[in-house]
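Trainee: I am new to this structure and would like a close look at a single part of it. Could you pick a cavity as the starting point and walk me through what surrounds it?

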Amino acid sequence: MTNKNNINKAMFDLFKSEIETQSEKLFNSIKKLDSSDDLCSTYESLINHTRAIKGAVKLVHVNIVILTVELLEQVFSRYQSINIKTDKPGTDILNSTVNLFIYIASLPSEKLDTPEEKTNKKVKSCNEQLTSLLNKQDKCGSSKSITTESPQSEKPLSFSTAENIDPEMFQLFCTELHNSIDIINNNLLEIDSDSQDSRLLESMMRAAHSIKGAARMVGIEGVVKLAHAMEDVFVAAQNNKINLLKNSIDQIFICNDLLIQIKSLPPSEIAQWTQENTHYLNTFIKLLTSIYNGQAITPETLKQNNSLTEKISTSTSDNMVKVSTSRINKLVGLAGELSVSSNWIRQHSDSMLILKRKHNDILGQIDLLRSIIEDNKHSEHENKLIIDIQHKAENYRDEITSQLISLDSFDRRSSNINSKINHEIVASRMRPFSDSTRGFKRMVRDISNSLNKKVILKIEGEDTLVDRDIIEKLDAPLNHMIRNAIDHGIETPENRLLKNKPESGTIKVSANHQSGRLRIQVKDDGRGVDIEKLRRKILDKNLVNANMAESLSKSELLDFLFLPSFSTRSEVTELSGRGVGLDVVHSALQQVRGKLHADTELDKGMEINMELPLTLSVIRSLMVSINNEFYAFPLAKIQSLMTIKKQDISIFEDKQYISVNDKHIGLIHCAQILGINYSSPEDNDIPVIIIGDWNMSYGLVVDELIGERGLALRTLNKKLGKIKDISSAAITDDGEPVLVFDIDDLQQSIHDIITGKDLYKVGANISLDTMTHKRVLVVDDSLTVREIEKKLLESRGYLVDIAIDGVDGWNTVRNGNYDLVISDIDMPRMNGIEFITMIKNDAALRSIPVMMVSYKDRAEDKQKGLEAGADYYLTKGSFHDDTLLDAVVDLIGEAKG
């Protein structure tokens, strides 16, 4: 039977050259086997030379010897794994195989297209001899493992480590280790859920081989031996001698957990690490050898081994150069100043251009003067003098032109470099979303196995770029949400089948950019949340009274899941039941000013949506002018822009509005909100910015729309406190300061003006009876709680104002005279602790009594509130009509007086 080839004739000379080079190296290395003290390194060289030939064979399509070269590589790998020399017959077979390669390379390419019978026989004979070597060593290897296993366990190996590890080489080793372990872990997850895919096994074998080679280069023998044992397992699986079962895969994961710890150590501590972990290295090598020999790994052994790894100290240091956020923010500021300086060059160039034009005017005047002199027949000396003046003026003009050209060239280069610097600094803050999802698939696999569930994790949008400050705070929230979905959401396979669901549950984590914001969704197809059971659970825990519980909406009920110490589980397990978990999500989002929304449907699953800023340092903004000052609106918060005519404005109940898509939108000038002077626009065209949401929109009138800008935000000095309606500041490319609006704060200010909330502050007539009533400010982000507290207080005669969060409360308390402030703790933008701290730090406000009302009833939460300066702490679960009112009377007395 002939072996048909499709020889790549254009590459055949390359094949011949590669055979000639590598065959000589193979012969030399085979000779060294008898005298070598380091058999492992010698076999490593033989494997590398053989792989070089294999690459050339496949490249040129010399199919007749593909099997031969693969068998030769397996022989060298097998001999290396059992660390023995070849005998005389074995050496002869190896040399004859190399001679076969030389013979094949000597044939014309035409004779390899359709090999002769003689050539086929030679190849077949060589393949049979190599196979006999493999079979022989299989028998020897298995008997050797049986006879040597006991002595090895009695006398563990000791591992040497290079005395002085080169830092640069160690850095390369750590990079190789990190990448290779990622490959092995990811492929193991696929094999565990699919089948013994040969491509995946090949990739893992190469990854383990790379770890072994890199460890040998830096001199970490313990890692060399462990990686070698791992490589043997993958080779055995490739050859279908073993199957990687669940417990075996778990063992390899544990080995990887041990190896990856090296990445966080400095080179000087590797020797100590090896010494401290010699026992673990020996234990893992022994277990990998058992897997290689086809012995089953018992769950008890795995559990014991897993407990060993938990005792090994870990470090969270990173081998990358870390730069603090504050330093990057300073770089952003300096880059902004550089932009200002760069723009000054352009202004200087423009001023020089004006100077050149003036100079041209002088030249024109000189020409006119010269013509007058010539007409009046002045002396030759006078004519010569005027000509000299003209020539000098022309020379000066040429010099100015030359300097302008040079300045323009410098300006272009400077602007280009400045643009690149700004881009790179901003890009240095951004990292892919995948950086926060590493290890989640492994975590899902481990937890679902421990709970006897089947769960598939899908991650979408891994390339989505996120600010590094935000991504660092996403790890814990995502971790808790996924764990919660597995434990509480996904049912067991049996229960899912009874509900006509797929046996395996699915958790999907997705990230994308939308309207200038980062949106992350964690969704599962599990049992969901029974809203009525949740309502009863909240009532049983005395978090609210019966009337309030009945009035809570679905969204408000789900918010209870994110409170500390709240759990729907009645029993405590290793994974849940203590009420610790989802409150971490809420706290983390508060830190980055994010929003959280949960939704659920019984037996169809639950989804948690997070909305966060894309970056905390640079935003796309709309620049406007108000009373000749620059302000900016974040683009993500703007609904639309429009220009209206005066005749488009309607008036109803003394308030102005416009109609857009059959919807009435109230108008107000931004200058009125800011409390500055403004004049009615003379032009008939009036620029309007629409902000708000589907429920309520407002039209803000500005003097001029300047355009879209990317602004590098700068935080305001903390000594200023929270400035009403302003979130931050920035500097334009021209060096002009810009204040950036806080849209949420702005909306509340508009609402206060429209509803006349602050009218009494500007001189409105207030009756004496009103003045004798005490005024209370209620600050809470829950509409239900605000209204209940307001009605209770008003029923006793108190005057009550409300604020929707800490920022709104801070602005309100500074602009009014209040006898008492009642505040929640968990609120967006500014929480209650921060709000009270600011009140108590303000000399004009610190005397106002403050009561905290919160769902949190832990002693430590109460302690935090009292330490911040609260005069009274009341839990929402414990207050009823008399409780709240009695506390108010204790603090400020009755409503009148």
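Mentor: Gladly! Please keep in mind that this is a predicted model. A search of the whole structure turns up 4 cavities of 30 Å³ or more, and the largest cavity has a volume of about 90 Å³. Let's begin there.

The lining of the largest cavity is made up of 14 residues. Nearest its centre lie Ser77, Arg78, Ser81, Asp232 and Val235. Sorted by class, the lining holds 4 nonpolar, 6 polar and 4 charged residues. Two helices each supply at least two residues of the lining, namely helix H3 (66–82) and helix H9 (221–238).

Let's follow helix H9 from here. With 18 residues at 1.5 Å a residue, H9 should span 26 Å, and its end C-alpha atoms are indeed 26 Å apart, so expectation and model agree. Now look at what surrounds the helix. Of the 18 residues of H9, 15 are buried, and H9 is therefore largely enclosed by the rest of the structure. Buried here means under 20% relative accessible area. Just after H9, Asn240 takes a positive phi of about 60°.

H9 also takes us into the largest nonpolar core, which has 52 residues. Phe173, Ile184, Phe234 and Leu244 are the residues with the most contacts inside this core. Helix H7 (167–193), helix H8 (198–218), H9, helix H10 (246–260), helix H11 (270–276) and helix H12 (278–292) each supply at least two residues of the core. H9 gives the most, with 11 residues. As a general background, nonpolar side chains tend to be buried together in soluble globular proteins.

Ile184 is a good residue to click on. Leaving aside its neighbours within four places in sequence, Ile184 is in contact with Met204, Ala207, Ala208, Ile211, Met230, Phe234, Ile252 and Asn256. Apart from this core there is a second, separate core of 49 residues, which includes Met443, Leu518, Phe562 and Met610.

To set H9 in context, here are some places elsewhere in the model. A buried one is Ser823, in strand S21 (residues 820–823). Ser823 counts as buried because its relative accessibility is 1%, under the 20% limit. Not counting residues up to four places away in sequence, Ser823 touches Val779, Gly832, Phe835, Met851, Met852 and Val853.

Leu385, found in helix H15 (residues 380–428), has a relative accessible area of 47%, so Leu385 is partly exposed. Its C-alpha lies 9.8 Å from that of Arg370, and the two residues are 15 apart in sequence.

Finally, recall the positive phi of Asn240; here are two other asparagines to look at. Asn500 has a phi near 60°, a positive value in a residue other than glycine. You will find Asn500 in the loop between helix H18 (493–498) and strand S4 (505–514). With a relative accessible area of 74%, Asn500 is exposed. Asn627 likewise is not a glycine, yet has a positive phi of about 55°. The loop that holds Asn627 runs between strand S8 (618–626) and strand S9 (629–634). Asn627 is partly exposed, with a relative accessible area of 35%.

So, when you return to the view, start again at H9: this helix supplies at least two residues of the cavity lining and gives 11 residues to the largest nonpolar core.

Conventions
Residues are numbered from 1 along each chain as its sequence is written. This is a predicted model: local features need pLDDT of at least 70, side-chain atom pairs count only at pLDDT 80 or more; totals for chains, interfaces and linings use all residues. Side-chain values use heavy atoms; hydrogens and water are left out. Helices (H or I, at least four residues) and strands (E, at least two) are DSSP runs, numbered from the N terminus. Buried means under 20% relative accessible area, exposed over 50%, partly exposed in between (1.4 Å probe, protein chains only). On a 1 Å grid over the protein atoms alone, a cavity is a set of points where a 1.4 Å probe fits but cannot get out, and a pocket is an open set with protein on both sides within 12 Å along at least five of seven lines; lining residues have an atom within 4 Å of a point. Grid points are joined across faces, edges and corners, and a volume is the space filled by probe spheres set on the points. Ala, Val, Leu, Ile, Met, Phe, Trp, Tyr, Cys and Pro count as nonpolar, Asp, Glu, Lys and Arg as charged, and the others, Gly among them, as polar. The expected span of a helix is 1.5 Å times one less than its number of residues. A nonpolar core is a set of buried Ala, Val, Leu, Ile, Met, Phe, Trp, Tyr and Cys residues joined through side-chain atoms within 4.5 Å. Contact means heavy atoms within 4.5 Å.
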